[in-house]
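Colleague: I've got a model open on my screen and I'd like to walk through it with you. Can we take it bit by bit?

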Amino acid sequence: MARLEFPTLIELSALLRRGELSPVELTEHYLDRIGQYNPTLNAYIEVTAERARATAHAAEASLAAGDIRSPLHGVPLALKDLIDVQGLTTSGGSRIFQNAPGAVRDATVARRLFDAGTVLLGKTHMVEFAYGGAGINHHHGTPWNPWDASTPRLPGGSSSGSGVAVAADLAPAALGSDTGGSVRIPAAFGGFVGLKPTYGRVSNAGVMPLDPRLDSVGPMCRSVADAMLLYNIISGPDADDAKTLKQPIQGPVDDLHAEIAGCRVCIPREYFWDEVDPEVEASVRATAQVFADLGVYVDEISMDELNRLAELREEKSLTAAEAYAHFERELTERIDDFDPIVSRRMLDGREISAADYLRLLRLWQELCRDTWRAMEDVDALLTPTTPIPPAPVAEIDDSGSEYFRVNGLCLRNTSAANLLGLCAISLPCGFTDNGLPIGLQLIGRPFEEHRLLRLAQAFESATEWHQWHPDLGDFE
């Protein structure tokens, strides 16, 4: 079998097509890694080994017969445990639903991946009901960020298990969901790529909601090209999700290497730089020269819309209102079974009146409109993904004020893209002196994933940060 060292999806696809690796061998490789490292890293809540082996054998037979469904036919992946898979429980990271009956059918994103021939390794851990950016789960355990074997550090949330699975190569890629940064925060803390598509680009049918105005399913993987592959498979109109039917029609991304010279990437002066760790700021600002060397016009700009964003975020949370509305029954009947850091935030939504909700919704819609206009001649904003590197879990894991402060910091920069209706991607752009990854965030105009991915690909090709991986020797 070919030697596998943190392979990309592109590399695995090539090995499978050339016959240098079989889907069965590849699946067993990942099941072995999961068996070896998951007891400590806690990435998976459920490993679907029997199903994975059966799917891998079927894929091997299909490939041998020349029946290739997609570039990812025979490639194993993981799914966050709020994505329905027929016959499997969707727990949403909560013990409230841990014994619920299996889903009656696949979520649209899962079905599209399975139709493409991918192999499901299992469902991954997450923050309860996806409501948190730090990655902590008090009931099922917080996944261990593999970049520090001596100190448990934040994995980033809410797609914490998917993030650790990708960072530690317990899966070559995974899907997460992103309501305020839940794909990009784990990507920044894990040193890999995380893409948040524009809201409505990817179907949410069969995905447990947190805030149906903002929820976005996105790829978590080791390269921009991998993100493109997954995005092409999972995106597009879906009759089961009307929101996807109202979006501009766009074909798959087919050329990541299109010319980017002459594009404009801007560093906003406002909002994104408060309380930024000095090492994070230095690494992210250094990326401006990389883009300049690629022929991209880079400048700093002021955006009054970001000041309005900061002010609106101080108002009552519409996400809390949406979450409370969805989980009102569970909060009423089983409040003691909630993780307290989640129930406390959801209960804030109980205090929001219909008048306040509609007033704030109108203000957010106006701000989105004004931001889109302000970005008409800006191809991407360049910011830190998170203001801080991953902190030790013990420093904030007390359900008190320090948790909520750090959780807010984790979410601040990433949530801007969700709240303003934009697309965004996180890329590795450096490391702290003690070896912790730092994430660069590029925020693009709505429905311009093509341009965003091309800018990200150019940066990745000009740097080597994506080739760095954690040493798992100390976890053995």
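Colleague: Let's start with β6: how many of its residues are buried?

Modeller: Keep in mind that this is a predicted model. Strand β6 is mostly covered, and of its six residues the number buried is six.

Colleague: Which residue of β6 is the bridge partner of Ala173?

Modeller: Ala173 comes in through β4, and β4 and β6 run antiparallel, joined by six bridges. Strand β5 (residues 193-196) is also antiparallel to β6, with two bridges, and there Gly194 stands opposite Met220. For Ala173, the partner in β6 is Cys221.

Colleague: Now β11. Is it enclosed or open, and how many of its residues are buried?

Modeller: Strand β11 covers residues 437-444, and it is largely enclosed by the rest of the structure because its buried residues take up the full run. On one side sit Pro437, Gly439, Gln441 and Ile443, on the other Ile438, Leu440, Leu442 and Gly444, and both faces are covered. Out of eight residues, the buried count is eight.

Colleague: Which residue of β11 does Leu382 stand opposite?

Modeller: Leu382 belongs to the β9 side of things: strand β9 (residues 380-384) runs antiparallel to β11 and is joined to it by five bridges. In β11, the residue opposite Leu382 is Leu442.

Colleague: And what about β10 and β11: which residue in the turn has a positive phi?

Modeller: Strand β10 (residues 423-431) pairs with β11 in the antiparallel sense over eight bridges, and one of the matched pairs is Gly430 with Ile438. The two strands form a hairpin with five residues between them. The turn residue with a positive phi, about 80 degrees, is Gly435.

Colleague: Over to the helices. How many of the residues of α4 are buried?

Modeller: Helix α4 runs over residues 108-115 and is largely enclosed by the rest of the structure. The buried ones are Thr108, Val109, Ala110, Arg112, Leu113 and Phe114. So of its eight residues, the buried number is six.

Colleague: Which elements do those buried residues of α4 pack against, and what phi does Gly117 take?

Modeller: They pack against helices α3 (49-64) and α7 (224-234), and against strands β2 (76-80), β3 (119-124), β4 (173-178) and β6 (216-221). Just after α4 comes Gly117, whose phi is positive, at about 95 degrees.

Colleague: Which residues does Met126 touch, leaving out those up to four places away in sequence?

Modeller: Met126 lies in the loop between β3 and α5 (160-167). Its relative accessibility is 1%, so it counts as buried, the cut-off being under 20%. Its C-alpha atom is 8.7 Å from that of Ile45, a residue 81 places away along the chain. The residues Met126 touches are Lys80, Asp81, Leu82, Gly92, Gly93, Asn137, Ser158 and Ser160.

Colleague: What separates the C-alpha atoms of Ile341 and His138?

Modeller: Ile341 is found in helix α12 (residues 340-347), and it is buried, with a relative accessible area of 1%. His138 is 203 residues apart from Ile341 along the chain, and the C-alpha separation is 8.8 Å.

Colleague: Which residues is Thr371 in contact with, its neighbours within four places aside?

Modeller: Thr371 has its place in helix α13 (residues 354-374). At 1% relative accessibility, Thr371 counts as buried. Its contacts are Met303, Glu305, Leu420 and Leu422.

Colleague: Zooming out, what is the radius of gyration of the protein chain?

Modeller: The protein chain has 16 helices and eleven strands, and its C-alpha trace spans about 60 × 60 × 50 Å along the principal axes. For 476 residues, a compact globule would come out near 23 Å, and the chain agrees with that, at 21 Å.

Colleague: What share of the contacts with a separation of 6 or more comes from residues 24 or more positions apart?

Modeller: For context, 63% of the 476 residues count as buried. The share of those contacts made by residues 24 or more positions apart is 79%.

Colleague: Last one: how far apart do the centres of the positive and negative side chains lie?

Modeller: The protein chain exposes about 17,400 Å², with carbon and sulfur atoms supplying 48% of that area. On the charge side there are 41 positive and 68 negative side chains. The centres of the two sets lie apart by 5 Å.

Definitions and conventions: Residues are numbered from 1 along each chain as its sequence is written. This is a predicted model: local features need pLDDT of at least 70, side-chain atom pairs count only at pLDDT 80 or more; totals for chains, interfaces and linings use all residues. Side-chain values use heavy atoms; hydrogens and water are left out. Helices (H or I, at least four residues) and strands (E, at least two) are DSSP runs, numbered from the N terminus. The radius of gyration is taken over C-alpha atoms; the globule rule is 2.2 Å times the number of residues to the power 0.38. Buried means under 20% relative accessible area, exposed over 50%, partly exposed in between (1.4 Å probe, protein chains only). Contact means heavy atoms within 4.5 Å. Accessible areas come from the Shrake-Rupley method with a 1.4 Å probe; for residues, only the protein chains shown count as cover. Lys and Arg count as positive and Asp and Glu as negative; His and the chain ends are not counted. The place of a charge is taken as NZ of Lys, CZ of Arg, CG of Asp or CD of Glu. Two strands pair if DSSP finds at least two bridges between them.
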